[in-house]
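Reader: I'd like to go through a structure with you and ask where the labels come from. Can we start?

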Amino acid sequence: MAVKSIGEYPTIMKDSVDKFHGNQLVFIYWHAHFMEGSVKAFALSPDMPFSAIMSDIIPLCYKVEPDFEKLDFDNTEVIWEIDGKVITPDPNKSLKENSIGHKSYIQFTTPALDGKIGA
Amino acid sequence: MSSSTSPRKKRLSKKQSYEYMTRLGWDTTYQDEKKVHPYLEYEGIKIHDWDAWEDPFRMTMESYWKLQAEKDKKLYSIIDAFAQNNGQKNITDARYVNALKIFLTAVTPIEHNVVSGFANVARQFKGEGATIACQMQAIDELRHYQTQVHTISHYNKYFDGFHDYRTMYDRIWYLSVPKSFADDGSSAGPFEFMIATGFAFEFVLTSLLFVPFMSGAAYNGDMATVTFGFSAQSDESRHMTLGLQAVKFMLEQDADNVPIVQRMMEKQLWRGYRLLSIVSAMMDYMLPNSPTSWAEAVELYIEQNGVALFKDLEKYGIKMPTKILDKIIAEKEHVSHQLWKTLYVHSNATAFHTWIPDEDKMNWLSQKYPNTFDKHYRPILEEYKKKAEKGERYYSEALPCLCQTCQLPLLFTDVMNGKPTVYTHETTEFNGEKFHFCSDECKNIFENEPKKYAQAWLPPYQIFQGNCGGETIPEVLKWYKIENAVDNLDYVGSPDEAMWNKLKNI
């Protein structure tokens, strides 16, 4: 449906990728962990290796979680979803090569670390 | 005003005076009516008889001015007394003022927005009843705006965070929530503006915001806000009537209007509710003494009053928005806690303080929220507390992903599907780009008018684009006009706390 308008209504893409100086928006969420108050947003280079998400970005927003100390990407079972599709990312390849585009939503689930606190 | 051609011999009779002072309707003679009233048709609402608009509160301007002047006199005598007697010292605790900071910086600019909105609608509508009611409401809103600015002015002498509310409204991330709601309504057509303001803001919001929040002010010794509340409330009841009258008028005029009004009402009910969610954190966490919990307010104003309103409208063909109401009810035991923890972790970028509730408050929350607080939220707060006690008070270094429609961070959880610890996330595509939402309802609103919401000004993404003074927190705070370590961060250790302790000799 269109906006009700007297004249022609322009299409203005306020957050299109060309406005981010070579970066793209990426959203990250550690499933069921909610010490951090919301899903988080980052502006990242599409050429950044996926491994940097694990080493640099996730600690930035999830070190507050009691589960964080036990999170070990080499040994913890992790289910990665990019835009709702389960994938096995290649840590050495770039975000782009792992099909992470502008405004992609990255969710990771760790069945052994389910975010329950003080149980 | 005398006229040389027909001098008036005596004062106007009451009847004549009423006629002259209320007669604002007119028909076009030498211009095409559609050019003079260009906004009347494009929303699809069909009006056949503007004279059928009956305003039960219709007054002459003369009696309206007298009544309002009387109210203002009473209000300012109390506000002056409050100022002269240092009324700010009689509040329960300086933590309370942080709820006021949110209320006054969020609502005051909205009031101002609504002044121009109603003045505009008064011009766009045809028909005397509608025009006069809208003009009077525009003037009322200006009065409310002024009294709120006076309250800001008083508190600004003693507490931080009130100093530049106008700039803050345009720039700060959490104030983009009320701003987007107000801008959405005023950039719509006149009928949707009426529903956004008269129905969502005046009906849903007034009941949920003013009544519990003003009684909260009374509970916490803030007589300035209570007095403002009483003074505004007498106008609000007239405004609610106008909102409802507008809705009924649209429904009665043509059966084709029913689905349009239904969609506008559902959209604005949801937008109004999402905007109000911040009030839940104010009521449950920020008032040292809370007369009512958010859940109790939802029970009274949504489950009882809101449902009754929709029942009244069923005879016009309006359907109960069951899905939305069910969701509001399901979320009532969660939203205040979720909002508070989000505000808590982002207190490094707000113009108010947050804190961990003390044991008494935690117990009050357990009692008011027996199904959710101890199970999901007390453990989170205890974790934050442990960190703070170790000197590692947690502040987030990352920015939130925002809902494209309501502009709140994706912070609400999927309680409808029994997943109270999993954030709800909805997504859609428009013009080759992805958009993200906090709820199905916000996604639907976007999908109805994607061009409108694709151009939303979302603060975190504007920061990333380099439009907010820089990318680091100090740079953005400077642009927000927030003074770091003064206006923001935890209440404990803040200048507000130090000043309060000095005042109270603690």
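Reader: Why is A:Cys61 called buried?

Author: Its relative accessibility is 0%, and buried means under 20% relative accessible area (exposed is over 50%, partly exposed in between, with a 1.4 Å probe and protein chains only). So A:Cys61 counts as buried. Bear in mind that this is a predicted model, where local features need pLDDT of at least 70, side-chain atom pairs count only at pLDDT 80 or more, and totals for chains, interfaces and linings use all residues. Side-chain values use heavy atoms, without hydrogens and water, residues are numbered from 1 along each chain as its sequence is written, and chains are lettered from A and ligands numbered from 1 in the order in which they are written.

Reader: How do you know that A:Cys61 has no bond to another cysteine?

Author: A disulfide is a pair of cysteine sulfur atoms within 2.5 Å. The closest cysteine sulfur to that of A:Cys61 is in B:Cys401, 12 Å away, so that's too far for a bond.

Reader: And what about B:Cys403?

Author: The nearest cysteine sulfur belongs to B:Cys406, at 3.8 Å, and B:Cys403 is in no disulfide. Over all chains, the structure holds zero disulfides.

Reader: What makes B:Glu433 buried?

Author: B:Glu433 has a relative accessible area of 7%, so buried is the right word.

Reader: Which side chain does B:Glu433 join in a polar contact?

Author: That of A:Lys103, at 2.7 Å. The cut-off for a polar contact is a pair of N or O atoms within 3.5 Å; within protein, one must be able to donate a hydrogen and the other to accept it, and residues adjacent in sequence count only if both atoms are side-chain atoms.
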